[in-house]
Amino acid sequence: MTAATTTLVSCTDVIRRFGSGATAVEALRGVSTQFHAGEFTAIVGPSGSGKSTLMHCLAGLDRTTSGEVEIDGRPLSGLSDAELTKLRRQRIGFIFQSFNLLPVLTARENVELPLTLGGADIDAAWIDELIAGVGLTDRQTHRPAELSGGQQQRVAVARALATRPAVVFADEPTGNLDSRSSVEILDLLRRAVDEYGQTLVMVTHDPRAAARADRIVALADGRIVHDAPVPEGGPDAVLDLMKEIGQ
Ligand SMILES: Nc1ncnc2c1ncn2[C@@H]1O[C@H](COP(=O)(O)OP(=O)(O)OP(=O)(O)O)[C@@H](O)[C@H]1O
Ligand SMILES: [Mg+2]
C-alpha cells in the first residue's frame, strides 16, 4: 500500500439527530475520522448503525446537527446550498445500491451526465477510456433498461469517476447484485484505487466486499467502534472481525 497522508475528507465530533423531543433519533453520536488520498475504506456495521447517515454527511448530501465535515480542507458548514451543490458536482462521485441511472439517457450519456450538469467540457477520449475500463464499449448506446443489473452498476462506476472526483462514496454498491457481478464491480472499484489513485469510501454488509478495501471502519449505534487496516486472511478474517465487533 502506498503511504496515504493527504487528508481529503475529515469529520470532527459529528452528531446527526433526526426529529426532536421524545421521538428524536441520534443516528450519529460524535463521529471523528479522516479519509486519505488513494485510500479505500469499507464502512461496516449493523442495520441502523448510521452508515448511510455518515456517508450522506461526509458527502454533503445531508447537514450535520453539530460537528464539522471538511472536503479538500473546506468546512461544509460555511457553504451555502448552491456552493455545496457545486462542490459535490465537481469533487464527489456517488454509487448507489439501486444504480440511479437516468432511464432516458444512453449508457454513455449517463457517464457524461455529471460533466454535462456541471457545465464542464466533455473529453471524449476520457469517456471512451472510462467506458472501455468498465467493459461497456459495445453497449454504450444502450439505455439502462436494456442492460443487466451488473452492467448498469458498471455504468454507475464510470459515471462516478467522470469528473475525476476527490472522493467516491458508494453505499452498498453490490447490495443488489449476484455474486459474480459483485466481484466484477469490486474489481473495478479496486482498480480505480490502484490505477487512478481514487479515494473511495464504501458502505457494505458483505465481508467479501470489505476484504477488498484497505481499511475497515465499523459503526455501532452511531459511533465508531473499530478503525484499522483490513486484516490479512481475506473474507474469512473479515467475517471473524465483524463477529468479534458484534456485527
Ligand atoms: N431521514 C430520517 N429521519 C428519521 N430517522 C432517520 C432518517 N434517516 C435515518 N434515520 C435513522 O437513523 C438511524 C441510522 O440510519 P442509517 O440509514 O444511517 O443506518 P444504516 O447503518 O445505513 O442502516 P442499513 O444497513 O439498514 O442501511 C436509524 O435509526 C434510522 O432509522
Ligand atoms: Mg444504509
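## Around ligand 1

Helix α1 supplies the largest share of the shell around ligand 1, with three residues. Keep in mind that this is a predicted model. The full set surrounding the ligand is Phe18, Gly19, Val25, Ala27, Gly45, Ser47, Gly48, Ser49, Gly50, Lys51, Ser52 and Thr53. If you go by elements, β2 (25-36) and α1 (51-58) are the ones giving two or more residues to that shell.

Sorted by class, the shell comes out as eight polar, three nonpolar and one charged residues.

## The nonpolar core

Now for the largest nonpolar core, which has 63 residues; Leu58 and Met202 touch the most other members. Helix α5 (residues 149-161) gives the most to this core, six residues. As a general point, nonpolar side chains in soluble globular proteins tend to be buried together.

So who sits around Met202? Leaving aside residues up to four places away in sequence, Met202 touches Ala42, Ile43, Ala170, Pro173, Leu189, Ala209 and Ala213.

## Helix α6

Helix α6 covers residues 179-196, 18 in total. From first C-alpha to last it reaches 25 Å, close to the 26 Å expected at 1.5 Å a residue. Just after α6 comes Gly197, with a positive phi near 65 degrees.

Which residues of α6 are buried? They are Ser182, Glu184, Ile185, Leu186, Leu189, Ala192 and Val193. The cover over these buried residues includes β3 (40-44), α5, β7 (167-171), β8 (199-203) and α7 (207-210). Leu189, one of the buried residues of α6, is also among the residues that Met202 touches.

Methods:
Residues are numbered from 1 along each chain as its sequence is written. Chains are lettered from A and ligands numbered from 1 in the order in which they are written. This is a predicted model: local features need pLDDT of at least 70, side-chain atom pairs count only at pLDDT 80 or more; totals for chains, interfaces and linings use all residues. A nonpolar core is a set of buried Ala, Val, Leu, Ile, Met, Phe, Trp, Tyr and Cys residues joined through C-beta atoms within 7 Å. A residue is buried if 20 or more other C-beta atoms lie within 10 Å of its own, exposed if 12 or fewer, and partly exposed in between; C-beta atoms are placed from the backbone. Helices (H or I, at least four residues) and strands (E, at least two) are DSSP runs, numbered from the N terminus. Two residues are in contact if their C-beta atoms, placed from the backbone, lie within 7 Å. A residue is near a molecule or strand if its C-beta atom, placed from the backbone, lies within 6 Å of it. Ala, Val, Leu, Ile, Met, Phe, Trp, Tyr, Cys and Pro count as nonpolar, Asp, Glu, Lys and Arg as charged, and the others, Gly among them, as polar. The expected span of a helix is 1.5 Å times one less than its number of residues.
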